[in-house]
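Let's take a walk through a protein together. We'll pick one spot, look around from there, and then widen the view.

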Amino acid sequence: MGARLGSGNDDELTETHEINVTPFIDVVLVLLIIFMVAAPLATVDVPVDLPASTATPTPRPDKPLFLTIQADKTLSLGDTPTTKESLGAALDAATHGDKSQRVFLRADKTVDYGALTEVMNSLRGAGYLKIGLVGLETAPAP
């Protein structure tokens with residue numbers, strides 16, 4: 001014995017107008033778990049209280065004074081070669097005794113830190129305390 005449920009017309013299918021949100025909820029929960037795992041990894045482990053600077057960049061002087069340390073650790077003040085012993089006299093001659101003038105220090109990248117520090121100490125010993133380190137500006141890595 002068979003029973004029939006519904007209307008007498010079986011050929012006509014009706015559309016259901018419901019949205020199945022189960023896959024959407026599954027995707028949102030997976031993304032939430034990914035962000036919960038990745039967020040602690042994105043933080044810095046070393047706490048540092050960085051100072052704020054309100055200084056505006058100083059304009060480049062008309063005739064900057066460059067002190068260059070070459071790869072073989074020879075010194076050049078401008079285009080003139082000099083030695084570490086005569087550095088103070090050469091600086092006084094180039095700046096006319098103005099010890100408040102900034103000296104821009106350029107060094108080859110193969111020069112070690114100790115040699116650079118020795119030259120900076122020689123500058124300080126000669127009375128030149130305003131030292132600017134010169135480097136190349138590069139675009140940040142992608």
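Start with Leu-75: its relative accessible area is just 4%, and because anything under 20% counts as buried, Leu-75 goes down as buried. Keep in mind that you're looking at a predicted model. You'll find Leu-75 in strand β2. So who are its neighbours? Skipping residues within four places in sequence, Leu-75 is in contact with a whole crowd, including Leu-67, Thr-68, Ile-69, Leu-87 and Val-119. Here's another way to see how the chain folds back: Leu-75 and Ala-107 are 32 residues apart along the chain, and their C-alpha atoms are separated by 9.4 Å.

Now hop over to the strand that β2 pairs with. Strands β1 and β2 run antiparallel to each other, with three bridges between them. One of the matches is Leu-67 with Leu-77 in β2. Five residues sit between the two strands of this hairpin, and in it Lys-73 has a positive phi near 65°. β1 has another partner too: it pairs with strand β4 (residues 103-107) in the parallel sense, over five bridges. In that pairing, Leu-65 stands opposite Val-103.

Is β1 buried or exposed? Five of its five residues (65-69) are buried, so the rest of the structure largely encloses this strand. To picture that, remember that in a regular strand the side chains alternate between the two faces of the sheet. In β1, Leu-65, Leu-67 and Ile-69 are on one side, Phe-66 and Thr-68 are on the other, and every one of these is buried, so both faces are covered. Take Ile-69 as an example. Leaving out residues up to four places away in sequence, Ile-69 touches Leu-75, Leu-105, Ala-107, Leu-116 and Val-119, among others.

Some of these names come back in the largest nonpolar core. This core has 16 residues, and the ones touching the most other members are Leu-67, Ile-69, Leu-91 and Val-103. At least two core residues come from each of β1, β2, α2 (87-95), β4 and α3 (113-125). Which element gives the most to this core? That's α3, with four residues.

So let's look at α3 itself. With 13 residues at 1.5 Å a residue, this helix should span 18 Å, and its end C-alpha atoms are indeed 18 Å apart. Its buried residues are Ala-115, Leu-116, Val-119 and Leu-123. They cover an arc of only 100° around the axis, which puts them on the same side of α3. The general rule helps here: an α-helix has 3.6 residues a turn, so residues three or four places apart point the same way. Flip to the other side of α3 and you meet Tyr-113, Arg-124 and Gly-125, which are exposed. The cover over the buried residues of α3 includes β1, β2, α2, β4 and β5 (131-133). After the helix comes Gly-127, with a positive phi near 100°.

Finally, step back and take in the whole chain. It has three helices and five strands, and from the N terminus on they run α-β-β-β-α-β-α-β. Of its 142 residues, 18% are buried. Among contacts with a separation of 6 or more, 65% link residues 24 or more positions apart. The accessible surface comes to about 12,200 Å², and carbon and sulfur atoms account for 60% of it.

Terms used: Residues are numbered from 1 along each chain as its sequence is written. This is a predicted model: local features need pLDDT of at least 70, side-chain atom pairs count only at pLDDT 80 or more; totals for chains, interfaces and linings use all residues. Side-chain values use heavy atoms; hydrogens and water are left out. Buried means under 20% relative accessible area, exposed over 50%, partly exposed in between (1.4 Å probe, protein chains only). Two strands pair if DSSP finds at least two bridges between them. A nonpolar core is a set of buried Ala, Val, Leu, Ile, Met, Phe, Trp, Tyr and Cys residues joined through side-chain atoms within 4.5 Å. Contact means heavy atoms within 4.5 Å. The expected span of a helix is 1.5 Å times one less than its number of residues. The arc is that of the directions from the helix axis to the C-beta atoms. Accessible areas come from the Shrake-Rupley method with a 1.4 Å probe; for residues, only the protein chains shown count as cover.
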